[in-house]
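This report goes through a model element by element, taking helices, sheets and cysteines in turn. Please keep the sequence and the 3D view at hand while reading.

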Amino acid sequence: MKPDRWKDPKNKLFTYQVGFTSPPHDFDAAPSDFLRISADNVGAHGRMLHVPDYAHELSQRVDNFHLLEEFVHCMSNNGADVCGQVGTNWVHCRGTTPGEIDGICRRIGDRYETPFHMAGYCVVEALRDMGAERIALNSVYYWPDWRDGYARFLGEAGFDLAYVGNFVDQGLIATQQECNDCTWIFDGSLAERSMAHVVDRAPDVDAIVVNGMPNFRGADGIPRRIVSLDRDLEGAAGKPIVSSDTALYWRIFKSLGTAPVGSHGRLLSSLQ
């Protein structure tokens, strides 16, 4: 299915070419974040899923799950070496198990000769790679049905969840509506405060999982995701942190057979 022209390295703009997709109606930071931690011979291209009147409902993900395969098909035609899907709860929106998601990713990747990785399943792969068994789930901004759905998914993957809670459960934001109104961007202090709450509630876990792609605005006013904060957050928490963005980038680098540049948390550093 992949055009033969991409088998010749001379036809490629970059040695390593990565395609990203994200939920509709989100200008996503993944391509920019990934490039910031990549060598100069890595390129990234983004493609939004087109769903008119999208409102972030799980049912809308179910109805448009087929667009993920369309995305990989398009990226394969354009010469991507690997594809990454941003948005953790797509893996559980249809009640699918980790084994079923693994099969879907393998089938799509094989069909278009381009490995396909879903962020929600990359977390599972990363936890297994580091040998984690007992975990805490920091569900940050996740709505209750998103939180519970992903907790179910991780439990079915064989992990013992010692704690599950979002910003509202942690008493850091008053209501879910107030949390939603932040549009995924939060005060920078909330990241460490939230992690401290999780460690206090579950001090004996092997790792802390952060689902979704929360952004925390620093002193310079620029929002940053966990991939930019994980090293410092791990130092404060004393635990490995496996976030959806970090796990996705880790898995993409593994498929490419290359590594990130710079200094990172434990997961990405394991590739260097």
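## Helix α4 and its buried face

In this predicted model, helix α4 buries Pro98, Ile101, Asp102, Ile104, Cys105, Ile108 and Gly109. Viewed down the axis of α4, these buried residues fall within an arc of 160°, so they line one face of the helix. The other side of α4 carries the exposed residues Gly99, Arg106 and Asp110. What do the buried residues of α4 pack against? Their partners are α3 (67-77), β4, α5 and α6.

The length of α4 can be checked against its residue count: at 1.5 Å a residue, its 14 residues should span 20 Å, and the end C-alpha atoms are indeed 20 Å apart, which agrees. After α4 comes Glu113, a residue whose phi is positive, near 55°.

## Helix α6

Helix α6 comprises residues 144-156, and the same kind of check applies to it: the 13 residues should span 18 Å at 1.5 Å a residue, and the C-alpha atoms at its ends are 18 Å apart, in agreement with that expectation. Just after α6, Gly158 adopts a positive phi of about 105°.

The buried residues of α6 are Trp146, Arg147, Gly149, Tyr150, Ala151, Phe153 and Leu154. The elements that cover them include the helices α2 (58-63), α4 (98-111) and α5 (119-129), together with the strands β5 (134-140), β6 (160-166) and β8 (207-210). Helix α4 thus appears among the elements covering α6, just as α6 is one of those against which the buried residues of α4 pack.

## The four-stranded sheet

Four strands make up an open sheet in the order β2-β1-β3-β4, and their pairing is parallel. At its edges stand β2 (42-48) and β4 (116-118), each of which pairs on one side only. From one strand to the next, the twist averages 20°.

Within this sheet, strand β1 (residues 16-22) pairs with strand β3 (residues 82-85) in the parallel sense, over four bridges. Which residue is the bridge partner of Gly19 in β3? That partner is Cys83, a residue taken up again below with the cysteines.

## The three-stranded sheet and helix α8

A second group, of three strands, forms an open sheet in the order β7-β9-β10, with mixed pairing. Here the edge strands are β7 (185-187) and β10 (223-224); each has a single partner strand, so one side of each is left without a neighbour in the sheet.

Strand β7 and strand β9 (residues 215-217) run parallel and are joined by three bridges, with Asp187 standing opposite Arg217 in β9. Helix α8 (residues 189-201) lies across both β7 and β9, and runs at about 80° to β7.

## Cysteines

How many disulfides does the model contain? The count comes to zero, where a disulfide would require a pair of cysteine sulfur atoms within 2.5 Å. For Cys83, the nearest cysteine sulfur belongs to Cys74 and is 9.6 Å away, and Cys83 is in no disulfide. Cys179 is likewise in no disulfide, its nearest cysteine sulfur being that of Cys182, 6.0 Å away.

Are these two cysteines buried or exposed? Cys83 has 0% relative accessibility and therefore counts as buried, and Cys179, at 1% relative accessibility, also counts as buried, the cut-off for buried being under 20%.

Definitions and conventions. Residues numbered from 1 in each chain as written. Predicted model: local features only at pLDDT ≥ 70, side-chain atom pairs only at ≥ 80, totals over all residues. Heavy atoms only, no water. Helix = DSSP H or I, 4+ residues; strand = E, 2+ residues; numbered from the N terminus. Expected span 1.5 Å × (residues − 1). Buried < 20%, exposed > 50% of the residue type's maximum accessible area, 1.4 Å probe, protein only. Contact = heavy atoms within 4.5 Å. Pairing = 2+ DSSP bridges. Axes fitted to C-alpha atoms, helices over the stretch in contact; angles between N-to-C directions. Arc of directions from axis to C-beta.
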